[in-house]
Amino acid sequence: MADDPKPVARPARPCAVCGKPVDPAGRFRPFCSARCRQVDLGRWLAGDYAIPGDAPDLPEEDKTAG
Ligand SMILES: [Zn+2]
């Protein structure tokens, strides 16, 4: 039995905006085009995306030692 490791074919993720296949080497990843990237950005700015959870917990590195 030949058990040669095959390269895992990663399915390209579709554009989150329009669902079109995204060029894995494209410059607009994960979107298919600059337009879709702008659309997504606009959604964020409009508050369309609800982010669950509260503020990110940052490590307290700002301790005053002295
Ligand atoms: Zn798109």
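This is a short tour of one protein chain, stop by stop, for use with your viewer open.

Before you click, note that this is a predicted model: local features need pLDDT of at least 70, side-chain atom pairs count only at pLDDT 80 or more, and totals for chains, interfaces and linings use all residues. Numbering starts from 1 along each chain as its sequence is written.

**Whole chain.** Show everything as a cartoon: you will find one helix and zero strands. Helices (H or I, at least four residues) and strands (E, at least two) are DSSP runs, numbered from the N terminus. Of the 66 residues, 6% count as buried, meaning that 20 or more other C-beta atoms lie within 10 Å of the residue's own; 12 or fewer makes a residue exposed, anything in between partly exposed, with C-beta atoms placed from the backbone. Contacts require C-beta atoms, placed from the backbone, within 7 Å. Among contacts with a separation of 6 or more, residues 24 or more positions apart account for 3%.

**Ala12.** Select Ala12, in the segment before helix 1. Ala12 is partly exposed because it has 15 other C-beta atoms within 10 Å. Leaving aside neighbours within four places in sequence, Ala12 contacts Pro21, Val22 and Pro24. Now add Asp23: its C-alpha is 7.5 Å from that of Ala12, across eleven residues of sequence.

**Ala16 and Pro30.** Move on to Ala16, also in the segment before helix 1 (34-46). Which residues does Ala16 touch, not counting those up to four places away in sequence? They are Pro30, Phe31 and Asp40. Measure from Ala16 to Pro30, C-alpha to C-alpha, and you should read 7.4 Å, for a pair 14 residues apart in sequence. Pro30 itself sits in the segment before helix 1. Look at the peptide bond from Arg29 to Pro30: this one is cis, with omega near -5 degrees.

**Helix 1.** Finally, select helix 1, whose 13 residues should span 18 Å at 1.5 Å a residue (1.5 Å times one less than the number of residues). Its end C-alpha atoms are 18 Å apart, which agrees. Step just past the helix to Gly47, where phi is positive, near 75 degrees. Most residues other than glycine have a negative phi.

Key
Contact = placed C-beta atoms within 7 Å.
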